[in-house]
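Reader: Could you take me through the ligand site in this one, close up, and then show me how the rest of the chain is laid out around it? Plain talk is fine.

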Amino acid sequence: MTYRVTLIPGDGIGPEVADATRTVLDATGVAFDWDVQPAGIEAMETHGDVLPQATLDSVKANGVGIKGPITTPIGSGFRSVNVGLRHALNLYANLRPGKTIKGVQAPFDHVDLVVVRENLEGMYSGIEFDTGTAEGTEVIDFINARSKRQIEPDAALSIKLITPGNTERIVRYAFEYARANGRKKVTIVHKANIMKFSDGLFLKVAQQVASEYPDIESNDRIIDNMCMQLMQKPSEYDVLVMANLYGDIVSDLVAGMIGGLGVAPSGNIGTEAAVFEPIHGSAPSHAGKNEANPTAMILSGAMMLRHLGEMDAATRVENAVADVIAAGDRVTYDLRADRDPSKAATTTEMTQAIVERL
Ligand code: NAD
């Protein structure tokens, strides 16, 4: 069987790590028909849109995609391709495993956590009102007429959106994931003590869902306490489920625990499509130098292989990556203790080492 998969190389270091990933996935023996599609700055130049309809249509038609990072200039009005892609394809679950890889310099050992992040609402609902706009003023007037706490007229607003339906869907995903992957425990992460309505609803719905999974242990933690506990006793945690912004931050924390963004993969899962991507960004200062670490995107490729049911190939990729990193002599600069680029392997050399161990 040949899998037709949309490949979005992205920009910055994206095309280099995407190329490495394609090389490794092709070398597993699983047959791929790569449907290469643009997104980001380049797509703006060629298609007049950072997220062209043709790219979305390709992922919809193929049902699975893998993408490199894409630059989102801060505060420029340039909409985030990543957020746009998740919303357009209803990719509601962001799955971010964080597992210790032997040989990676990391502040913690034996980490094996999975962050399940709600991808479409929470603080990233996209409902925002800029300072000094007519709509913003209208919303502020409306709220001020109904709330004891008065909002200053020049405030900017971002709406945190929590719905019962989307909360149930993400929490159910976390429990189903736990069940399917032999995980023992799901922790519901929230701030319901302060945000009594939005996070209160998240917690209430999550606890209802948890009660339907008596075979999976569950508990809840307030987000700040969760961060501290992850630093103190990470082995007490397993699968963590939470709303969007918390998930974004906690998954970077977990990435830091296992050695940083260069080794952290992720998947965005929806009902009709799934898109896999490294957690890291486009690292523009490393672009075009053949020095970026391809691990995170290659491991995202292994997650994609699992999603496609190619378990053996996925395990071979993960083991090959782990072997190369543990050997330590053909790894990129960021995986070396001295971080000396002159002694490090290039992206293509590390990729070749992984291919040789498949
Ligand atoms: P970044 O992840 O691009 O880079 C932070 C630092 O991490 C880099 O300077 C580099 O030292 C290191 N790094 C990251 N990935 C690496 C790799 N594969 N190999 C070696 N070193 C690596 O984060 P940033 O600088 O905050 O963001 C740069 C751009 O990327 C921004 O425009 C941001 O919006 C975008 N971004 C995109 C995505 C995505 O497409 N999913 C995710 C995060 C950030």
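**A close look at the ligand and its chain**

Author: At 19% relative accessibility, Asn144 counts as buried, because the cut-off for buried is under 20%. That's one small detail of what is a predicted model, and I'll come back to Asn144 after the ligand.

So, the ligand. It has 20 residues around it, and the closest include Ile70, Thr72 and Gly281, along with Ala283 and Asn293. Sort that shell by character and you get nine nonpolar residues, eight polar ones and three charged ones.

Now for the polar contacts. Asn82 has a side-chain N or O atom 3.0 Å from an oxygen atom of the ligand. Two other side chains come up to ligand nitrogen: a polar atom of Tyr333 sits 3.1 Å from a nitrogen atom of the ligand, and one of His280 is 3.3 Å from a nitrogen atom of the ligand. As for cover, the ligand on its own would expose 800 Å², and the protein buries 68% of that.

Let's step back to the chain. It's split into three pieces: domain 1 takes in 1-94 plus 262-358, domain 2 takes in 107-124 plus 162-258, and domain 3 runs over 126-159. The centres of domain 2 and domain 3, taken over C-alpha atoms, are 30 Å apart. In secondary structure, the chain has twelve helices and twelve strands.

What about overall dimensions? The C-alpha trace spans about 65 × 50 × 45 Å along its principal axes. A compact globule of 358 residues would have a radius of gyration near 21 Å, and this chain has 21 Å, so the two agree. Of those 358 residues, 51% are buried.

Val17 is a handy example of a buried one. Its home is helix α1, which covers residues 14-27, and its relative accessible area is 0%, so Val17 counts as buried. Thr295 is 278 residues away from Val17 along the chain, yet their C-alpha atoms are separated by 8.1 Å.

Back to Asn144, as promised. You'll find this residue in helix α5, which spans residues 134-144. The Asn144 side chain reaches the backbone nitrogen of Ile151 at 2.7 Å. So if you're clicking through the model, Asn82, Tyr333 and His280 are the side chains to pick for the ligand contacts described here, while Asn144 and Ile151 give you a contact within the protein.

Conventions: Residues numbered from 1 in each chain as written. Predicted model: local features only at pLDDT ≥ 70, side-chain atom pairs only at ≥ 80, totals over all residues. Heavy atoms only, no water. Domains from an automatic or database assignment. Near = heavy atom within 4 Å. Polar contact = N/O pair within 3.5 Å; in protein donor to acceptor, adjacent residues only side chain to side chain. Areas by Shrake-Rupley, 256 points an atom, 1.4 Å probe, with all protein chains shown as cover. Nonpolar A, V, L, I, M, F, W, Y, C, P; charged D, E, K, R; others polar. Helix = DSSP H or I, 4+ residues; strand = E, 2+ residues; numbered from the N terminus. Rg over C-alpha atoms; globule rule 2.2 N^0.38 Å. Buried < 20%, exposed > 50% of the residue type's maximum accessible area, 1.4 Å probe, protein only.
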